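Reader: I should like to learn how the features of a protein model are read. May we go through one together?

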Amino acid sequence: MLVISLAAFAQTSEPAAVVIRAGTLIDGKSDKPRRDQIIVIRGNRIESVSDAAGAKMPSGASVIDLSHQTVLPGLIDSHTHIFLQGEDPAKGGYDANILTAPLALRAVRAGVAAQRALQQGFTTLRDVETEGAGYGDVGIKQAINQGYIPGPRMVISTRAISTTGGYMLEGYAPELDMPKGAQIVDGPVEARKAAREQLDHGADWIKVYMTHRSWVGKHGELASQPTLTVEELRAIVDETHGWGKKVACHAYSGIGLHRALDGGCDSIEHGLDLDDAAIAQMLKQGTWYVPTLSVYYTDWAPADTADGKRDRLRASAHEVSFKKALKAGVKIVFGTDMGGIPWTEPIAQEFTHMVDFGMTPMDAIQSATSRAAVMLDMDDQIGVIAPGAYADIIAVPGDPLNDIKVFENVQFVMKNGKTYASK
Ligand SMILES: [Zn+2]
C-alpha cells in the first residue's frame, strides 16, 4: 500500500510538459538557425529540443504555437540601472532621485522598470548599481524571486564604489555633507571594507567607477578623471574574487581605464576610448567589454558648447573603440545603460547600433545570450535553448538575422517556464 501511494505521488509531482513549436530556432549558441523545432519544457527547465518531424510529444502536454515566429533564448542586458529613470533635466535630473524621491517611490519605479525589461524579452539583467538607493536592488530581486512582481532574473551590484571627488551629488556648497550615488572610499583598507559590506549584503557583482568626469583633452582626445588607484582596485578585486564573484569597472579612457586593467577588473563598462594597449591587455587577460552605445546618442548639449563637443566625442570615440575591439576579437557583451535611457524606450535599440557598427546580427544575438551567460558564470543555464537550461524563451516576428529591429517587437516571453507576455 505504501509503495503504491508513493508511486502515485511521484506521478502527480512531475510537472506537466509544455511544448513550444518553433518555426525557426536561434538557440543562442549555434551559428545557424534551425527550422521546425519542438522544445519540451518541464517545470522551469528545458527537457529536450528536437526536429518537429519525428519528435515524440509527451502525453498531456500543452502546446504553444510559435511556428510563424523566430524563437530565441531570453535576452540578457548586462548593464542597466533600474533605479534611474532617464534623468530628464527638466525633472531635476540625477540629483532629484536622491534629494526629493522617497525610497518607496524609487522602489516602485525600479519594479516597473524591471517589468518593462521582462516584457521586452530581457529575462536577465545585470543591474550595475542603485544610484543612491542603497541596497534597494536586493529588495527588488527578492520581490521578483518571491513572486510579488514580475521581472527578470536579477544579477545585482548594490551601491557601487568610487572615491572622494569621484561621484555625484556634486556642485553644492562645500559646507554641506551631501549624500553620494555610490559608496565613497579612499585607500585600500576602505576599498576592501566597502566590497566586504556589499558582498555581505547580497551583491552578485561589485561595480567600481574607475573614471568620473570627462572632457575634450588638449589634443582633442576624450580625457577622463581617474578615481581609484591600482592599489585600491586590487584590494576590491582580491576580496571579490575570494568570494567567487566578479568586478565590473566603469572606465572611459586614459589613466583610469589602464588602472582598471592593471587592477584586474573582469569587465570594462562603456570603454569609450580603448587604445591599442588596452585592447591588447583585454585580450591577454580575457577581460569582457560591455560597450553601451545607445546612451551616448541621447541628451547631447548644444554643439557649440564644451559639454556639447564632449558629448559628440564620446559617441564618435565609442564607435571607433567598438569597431577596433570587434576586429581584435575582444569578448563583447550586450549592455545598454537603461535608466540613463528612459525605461519607456526600447532596450533593443542597442542591437541596431551594434549591427550598424559592423557586428553580425548572430554575433549581436550571442552577445545578449550565451556570451553574456558565460560572463555571468551561468553558461548552459541561461542564454541558450538546450536541454537542462532554464526555460527562458522569447519569440519575435520575422528573421532577426535580416532585420535586427524585430527585437523591438518581442511577441512572446517565458521566464523560468512561466509565460509573461504573449501577443
Ligand atoms: Zn551605467
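Author: The following dialogue takes up a metal site, a pair of helices and a loop residue in this predicted model.

Reader: Which residues are the protein donors of the zinc ion?

Author: One looks for N, O and S atoms within 2.8 Å of the metal. Here the zinc ion has His79 and His81, each through NE2, and Asp337 through OD, at 2.1 to 2.3 Å. Along the sequence, these donor residues follow the spacing H-x1-H-x255-D.

Reader: Are His79 and His81 buried or exposed?

Author: A residue counts as buried when its relative accessible area is under 20%. Both His79 and His81 are buried.

Reader: How are helix 7 and helix 8 oriented to each other?

Author: Angles under 35 degrees count as roughly parallel. The axes of helix 7 (residues 254-262) and helix 8 (residues 276-285) cross at roughly 15° and come within 10 Å; the two helices are therefore roughly parallel to each other. Their crossing is left-handed.

Reader: Which residues make the contact?

Author: Helix 7 contributes Leu257, His258, Leu261 and Asp262, while helix 8 contributes Ala277, Ala278, Gln281, Met282 and Gln285. Of the residues in this contact, five are nonpolar, three polar and one charged.

Reader: Where does Thr298 lie, and why is Thr298 called partly exposed?

Author: Thr298 is in the loop between strand 15 (288-290) and helix 9 (306-328). Partly exposed covers values between the limits of 20% and 50%; Thr298 has a relative accessible area of 23% and is therefore partly exposed. From C-alpha to C-alpha, Thr298 and Ile332 are 22 Å apart in space, and they are 34 residues apart in sequence.

Methods
Residues numbered from 1 in each chain as written. Predicted model: local features only at pLDDT ≥ 70, side-chain atom pairs only at ≥ 80, totals over all residues. Heavy atoms only, no water. Donors = N, O, S within 2.8 Å, 3.2 Å for Na, K, Ca; no water. Buried < 20%, exposed > 50% of the residue type's maximum accessible area, 1.4 Å probe, protein only. Axes fitted to C-alpha atoms, helices over the stretch in contact; angles between N-to-C directions. Helix = DSSP H or I, 4+ residues; strand = E, 2+ residues; numbered from the N terminus. Parallel < 35°, antiparallel > 145°, perpendicular 65-115°, else oblique. Left-handed = near helix turned anticlockwise from the far one by under 90°. Contact = heavy atoms within 4.5 Å. Nonpolar A, V, L, I, M, F, W, Y, C, P; charged D, E, K, R; others polar.
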